[in-house]
Amino acid sequence: MKKKFLVGLSSFLILVLTVQLVQMHLGLANYGQEFGTYGQYNRVVRLVKEDSRYKITNHGLNRDLEWKNLDHLNRFYVKIRTTNDEDIEIEFLEDSPEMTERNEETLKEIINKKVSEQVARYNSGQAPQASGTSK
């Protein structure tokens, strides 16, 4: 009897773990994992947080909850305050090369390039600073 109970309990725990992993992979649960639907989003947020030059003031994502598109994001953004108190927003778009980049050094270069481009646009007066942040 005890052996049947342990087998049943083990089977149940394996089933629960499997369901949780499938949810995380399909983006139905986001616990900061760097794989599946939220993988790139969580990776970029982590890399920005690790960079002492930037402070995240907001971040978010957009996705279509359609069966055929369940496993990907349409876009995500990170609003950043630089050490010069510049509020900027960088975004990653669906089907862009940076949305699938996995190399962390390359991603850091992409993030820095996007930040530099935004700062240059703001300094030249071509674009307003990101709204929704407080100083």
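## Exercises on a predicted model

Asp85 is partly exposed, with a relative accessible area of 45%. On this scale, buried means under 20% relative accessible area, exposed means over 50%, and partly exposed lies in between (1.4 Å probe, protein chains only). The model is predicted, so local features need pLDDT of at least 70 and side-chain atom pairs count only at pLDDT 80 or more, while totals for chains, interfaces and linings use all residues. Residues are numbered from 1 along each chain as its sequence is written, and side-chain values use heavy atoms, with hydrogens and water left out.

**Exercise 1. Get your bearings.**

Which pattern of helices and strands does the protein follow along the sequence?

*Solution.*
- Start with the terms: helices (H or I, at least four residues) and strands (E, at least two) are DSSP runs, numbered from the N terminus.
- Next, count the elements: there are four helices and three strands.
- Now read along the sequence, and the pattern comes out as α-α-β-β-β-α-α.
- For a wider view, 36% of the 135 residues of the protein count as buried.

**Exercise 2. Build the sheet.**

In what order do the strands lie in the sheet, and which of them are at the edges?

*Solution.*
- Begin with the general rule: strands of a sheet pair through backbone hydrogen bonds, either parallel or antiparallel.
- Here, two strands count as paired if DSSP finds at least two bridges between them.
- Three strands form an open sheet in the order β1-β2-β3, with antiparallel pairing.
- The edges are β1 (54-62) and β3 (87-93), each pairing on one side only.
- From one strand to the next, the twist averages 20°.
- Look closer at β1 and β2 (residues 75-82): these strands run antiparallel and are joined by eight bridges.
- Within this part of the sheet, Leu61 stands opposite Phe76 in β2.

**Exercise 3. Add two helices.**

How do α2 and α4 pack on the sheet, and at what angle do they pack with each other?

*Solution.*
- Two terms help here: contact means heavy atoms within 4.5 Å, and axes are lines fitted to C-alpha atoms (for helices over the stretch in contact), with angles running from 0 to 180 degrees between N-to-C directions.
- Take α2 against the sheet: this helix touches β1, β2 and β3, and its direction makes about 170° with that of β1.
- α4 also packs on the sheet, touching β1, β2 and β3, and its direction makes about 130° with that of β3.
- Then compare the helices: α2 (residues 39-50) and α4 (residues 104-123) pack at about 70°, their axes 10 Å apart.
- That angle makes α2 roughly perpendicular to α4. The scale is this: under 35 degrees is roughly parallel, over 145 roughly antiparallel, 65 to 115 roughly perpendicular, and the rest oblique.
- Among the residues that meet are Arg43, Val44 and Leu47 in α2 and Glu104, Leu107 and Ile111 in α4.

**Exercise 4. Find the core.**

Which residues touch the most other members of the largest nonpolar core?

*Solution.*
- A nonpolar core is a set of buried Ala, Val, Leu, Ile, Met, Phe, Trp, Tyr and Cys residues joined through side-chain atoms within 4.5 Å.
- The largest such core has 22 residues, and those touching the most other members are Val44, Val48, Val78, Ile80, Phe92, Ile111 and Val115.
- Now sort by element: α2, β1, β2, β3 and α4 each supply at least two residues.
- The largest share, six residues, comes from α4.
- Zoom in on Phe92: leaving aside neighbours within four places in sequence, its contacts include Val44, Phe76, Leu107 and Ile111.

**Exercise 5. Compare four residues.**

Where do Thr82, Asp85, Asp95 and Glu34 sit?

*Solution.*
- Thr82 lies in strand β2 and is buried, at a relative accessible area of 9%. Not counting residues up to four places away in sequence, Thr82 touches Arg53, Tyr54, Ile88 and Val115.
- Asp85, our opening residue, is in the loop between β2 and β3. Its phi is near 60°, a positive value in a residue other than glycine.
- Asp95 belongs to the loop between β3 and α3 (97-100) and is exposed, at 76% relative accessible area. Phi is positive for Asp95 too, near 65°.
- Glu34 is in the loop between α1 (2-26) and α2 and is partly exposed, at 28%. Its contacts beyond four places in sequence include Asn42, Arg46 and Glu104.
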